[in-house]
Amino acid sequence: MVLAVLLLSTGISADMGPKASTRIRFEGLEGQRYMATLLSPEPFCGPYTALEEFPDNPRYTPEDPEYPIWEKFVAFEGPDGWYFLQYFQDCTETSSFTWGYFPPARFKLLLYFPEQDAFVVSAESYERYAFDSLFTADLHDLSLSPGETKIGEFSMQRSYCYLWQIVSFFCRMAATVAIELVVAVLFCYRARQQIRIVLAANLVTQGILNLLLNLTAYHAGGLLLMVEYVLLEFLVFLLEATAYAFLLPRYRPAGEPARRWLAVIYALVANGVSFAAGAAILIVTPGFLLPVPF
């Protein structure tokens with residue numbers, strides 16, 4: 001059976017897990033109709049391709065209602081070396097643009113205003129800087145004439161909301177420390193020195209663990225975060241179980257047996273409960289498994 005599987009199996013491609021995204025919020029264009037896209041220095045990115053390099057792969061046909069706008073973007077003569085990858089959005093209602101599936105790593109912003117038949121393209125290029133890269137484009141001073149193409153005329157800044165990362169970090173730390181102290185009391189580790197050992201161990205191990213989780217969420221997204229969380233929590237359990245087994249029995253009440261095995265069980269129970277609490281906080285906090293709000 002094993003040989004049959006090895007001989008008869010074929011390779012497959014799978015697409016899974018969250019993807020990096022680029023999101024842009026527009027300010028100053030209220031009441032105007034406009035479409036947005038990102039120009040790429042490469043003629044393809046994921047499933048998106050430039051029509052001039054891949055003429056057999058048009059993403060729109062004359063039957064599509066967006067076909068006239070697509071034709072305008074295709075005909076646009078942009079900066080040399082930058083490609084329209086046939087992806088665009090109508091941002092009139094949302095005042096925001098999201099490219100959530102294989103966005104270009106480096107890009108220029110291109111806007112089209114159908115009522116004026118005018119284009120605006122950024123003078124400089126930008127780069128994705130996080131798994132969910134957020135930008136804010138200020139176009140309050142933009143003025144357009146029919147049929148023109150403007151370069152620049154607006155500013156765009158990074159606008160990632162780091163507040164959620166900070167809030168989640170301290171919420172997970174507070175929940176972990178509180179849970180492990182309560183469980184320590186339930187396991188009769190109530191001496192002052194035992195409480196200090198538990199507190200110190202958690203501040204070190206959970207501090208490092210949660211800092212790594214924040215960095216992973218920021219740079220790599222939620223799927224790798226959850227895999228890393230399980231592995232790191234197991235490592236934390238091993239470290240804390242070892243430390244507790246050697247240190248907590250030293251400060252037991254007189255006449256009580258050492259019972260190092262109880263310290264290991266305590267570490268297992270405490271880390272299991274704190275892991276569940278931390279996972280719940282990760283799930284509901286934007287920037288980890290949920291999109292980061294503007």
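A residue counts as buried when its relative accessible area is under 20%. With that cut-off, 44% of the 294 residues in this protein are buried. The model you have open is a predicted one.

**Start with the whole chain**

Show the cartoon and zoom out. You should find six helices and 13 strands. Turn the C-alpha trace along its principal axes and it spans about 90 × 60 × 30 Å. How does the radius of gyration compare with that of a compact globule of 294 residues? Such a globule would come out near 19 Å, but this protein has 27 Å.

Now switch on the surface. About 15,700 Å² is exposed, and carbon and sulfur atoms supply 63% of that area. If you colour by charge, there are 19 positive and 29 negative charges to look for, and their mean positions lie 21 Å apart.

**Select the largest nonpolar core**

Hide the surface and show Ile24, Phe26, Phe97, Leu109, Leu111 and Met156 as sticks. These are the residues with the most contacts inside the largest nonpolar core, which has 34 residues. Next, colour the strands β1 (21-27), β2 (35-40), β7 (96-99), β8 (106-113) and β11 (132-138); each of them supplies at least two residues of this core. Which strand gives the largest share? That is β8, with four residues.

Stay here and centre on Phe26. Leaving aside residues up to four places away in sequence, Phe26 touches Tyr34, Ala36, Cys91, Ser95, Ser96, Phe97, Leu109, Leu111, Ala137 and Leu139.

**Move to the second core**

A separate core of 17 residues is your next stop; select Ile179, Ala184, Ala201 and Tyr244, which are among its members.

If you draw contacts across the whole protein, consider those with a separation of 6 or more: 74% of them join residues 24 or more positions apart.

**Finish at two loops**

Go to the loop between α3 (162-186) and α4 (192-220), where you will find Cys188. Its backbone is worth a look: phi of Cys188 is near 70 degrees, a positive value in a residue other than glycine. Is Cys188 buried, partly exposed or exposed? Cys188 has a relative accessible area of 48%, so it is partly exposed.

The last stop is Arg259, in the loop between α5 (222-247) and α6 (260-284). Arg259 also has a positive phi, about 50 degrees, although it is not a glycine. With a relative accessible area of 32%, Arg259 is partly exposed.

Conventions. Residues numbered from 1 in each chain as written. Predicted model: local features only at pLDDT ≥ 70, side-chain atom pairs only at ≥ 80, totals over all residues. Heavy atoms only, no water. Core = buried A, V, L, I, M, F, W, Y, C linked by side-chain atoms within 4.5 Å. Buried < 20%, exposed > 50% of the residue type's maximum accessible area, 1.4 Å probe, protein only. Contact = heavy atoms within 4.5 Å. Rg over C-alpha atoms; globule rule 2.2 N^0.38 Å. Areas by Shrake-Rupley, 256 points an atom, 1.4 Å probe, with all protein chains shown as cover. Lys, Arg positive; Asp, Glu negative; His and termini not counted. Charge placed at Lys NZ, Arg CZ, Asp CG, Glu CD.
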